[in-house]
Amino acid sequence: MSDVNADSWVSSGHRPMGFPEFVIVIASIMALNPLAMDIMLPALPNIGAAFKIPVENHLQLVLSTFLIGFGAGQFVMGPLSDRFGRRPVLLGGMAVYAVASVLAVAAPSFETLLLARALQGLGTAATRVIATSIVRDCYFGRRMASVMSLAMMVFIAVPVVAPSFGQAVLLVTAWRGIFVVLMLYGLLALAWCVLRLPETLPQSERRSLAPADVLSAFLQTVTHRQTIGYATAAGSVIGALFAYVFCAQQVFTGIYHLGHYFPLAFAAIAAGTAIAGFLNARLVGRLGMRVISHGALTLYTAVAGVMLLTESLGVLPLALFMVLSALMMFSFGMMVANFTALAMEPQGHIAGTASSLYGSITTLIGIVVGMAIGQSFDGTLLPFSIGFFLSTLAALAIVLVVEKGRLFKPQHRPI
């Protein structure tokens, strides 16, 4: 498993795509979501000025409304894809994303812009759910975790460059030009999938949309200890990450006065997640998902504790905040693919529905936690530090319950 291109384990389920193209396509459609989030960060003050938004924290709605559409949409994408196949649901979601981008370009009011953002989130719900389902259709266990890590290593580069890209767009056009960029990227990804991505769910494995069958699949997912446990734990750690993204522009420009250099600081910190994705893809086959993710969760908790302590003492300068934030991103990157794989591993027979519920649960928990922290921003890092620490402790407690008090327990399944 150290050589992720080994022919002996590459699935034939995604032909005619080879392995590298498959990973890049999965990463590309997953990247629709973080691109639509992070490219907006430099534009928030411009949007606020354009629509005369009096309360700065209200601009976070441009991000959180998108995530609400994303989280809510995932409830239906999985069952639809289990019934009709992966391709039609994926392509339909990407079309909605493109149309919503056009609506955002023409939005006459802040409320219309928020509607467009919710529709964009709805469209990316299909891309996120279907990407995970397609990977689960073709791989399982540590192989699935390795493929997901490679895909995430590619698409996580998006948050690294997206704010700088957004800043560059703002140098040549108004904030609406950012939505033109999102529309063009969505259409390019849509065309690639139309031409190259095969259907990965055979007719024989499709499930009925009868209410009793859908409810049964939902119950199988939410009553499975491993699946629901890792979903809620992931939601808790994602909540801290959402809060960081919601507050990033205010923190770097308001507290640390970086001005137009904010995207560079954001990129330097986000690079930690890409590094983690690369390392996880190389190590997960040897060490297993639990060993790596539990170690990362331990580091995440320690970072949260140090950040809270230093902010409480009034000794959190920019350099230390960036180091701690980079470690937060790194540990998050070592957790997220493995938490996803652990949650999805028992659900191969209902991968679409399980992926929907996993995505909805993690996103909606993350939104609630992230908005609670973000809306409490008061010009200091204390609300964020407290929220980061409490949400991380909750995730650690949940994982301890799921694993019956034993962390770092190696897997004995064949790979």
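1. Salt bridges. In this predicted model, a search of the whole structure returns 4 salt bridges. Side chains of opposite charge can pair when their charged atoms come close. The points below take up individual pairs and then turn to helix 1 and to T310.

2. E21 and R196. The side chains of these two residues form a salt bridge, with an N to O distance of 2.8 Å. E21 belongs to helix 1 (residues 19-30) and R196 to helix 9 (residues 176-196), so the bridge ties together parts that lie 175 residues apart in sequence. R196 is partly exposed, because its relative accessibility is 31%, and the limits for that class are 20% and 50%.

3. R290 and E403. A salt bridge also joins the side chains of R290 and E403, at 2.9 Å from N to O. R290 sits in helix 13 (residues 289-312), while E403 is in the segment after helix 16 (382-402); the pair therefore links parts 113 residues apart in sequence. Both R290 and E403 are buried.

4. The network at R86. Salt bridges with shared partners connect D82, R86 and D137 into one network. Within this network, the side chains of R86 and D82 meet at 2.9 Å, N to O. R86 has a relative accessible area of 1% and is buried. D82 is buried as well, with a relative accessible area of 3%.

5. Helix 1. This helix, which carries E21, has 12 residues. From its first C-alpha to its last it reaches 17 Å, close to the 16 Å expected at 1.5 Å a residue. Of the 12 residues, 9 are buried, so helix 1 is largely enclosed by the rest of the structure. The buried positions are F19, F22, V23, V25, I26, A27, S28, I29 and M30.

6. T310. Which helix holds T310? T310 is placed in helix 13, the helix in which R290 also lies. T310 counts as buried because its relative accessibility is 12%, and the class covers values under 20%. With neighbours within four places in sequence left aside, T310 is in contact with V315, L316, L320 and L324. The C-alpha atoms of T310 and F321 are 9.4 Å apart in space, and the two residues are 11 apart in sequence.

Methods. Residues are numbered from 1 along each chain as its sequence is written. This is a predicted model: local features need pLDDT of at least 70, side-chain atom pairs count only at pLDDT 80 or more; totals for chains, interfaces and linings use all residues. Side-chain values use heavy atoms; hydrogens and water are left out. Helices (H or I, at least four residues) and strands (E, at least two) are DSSP runs, numbered from the N terminus. Buried means under 20% relative accessible area, exposed over 50%, partly exposed in between (1.4 Å probe, protein chains only). The expected span of a helix is 1.5 Å times one less than its number of residues. Contact means heavy atoms within 4.5 Å.
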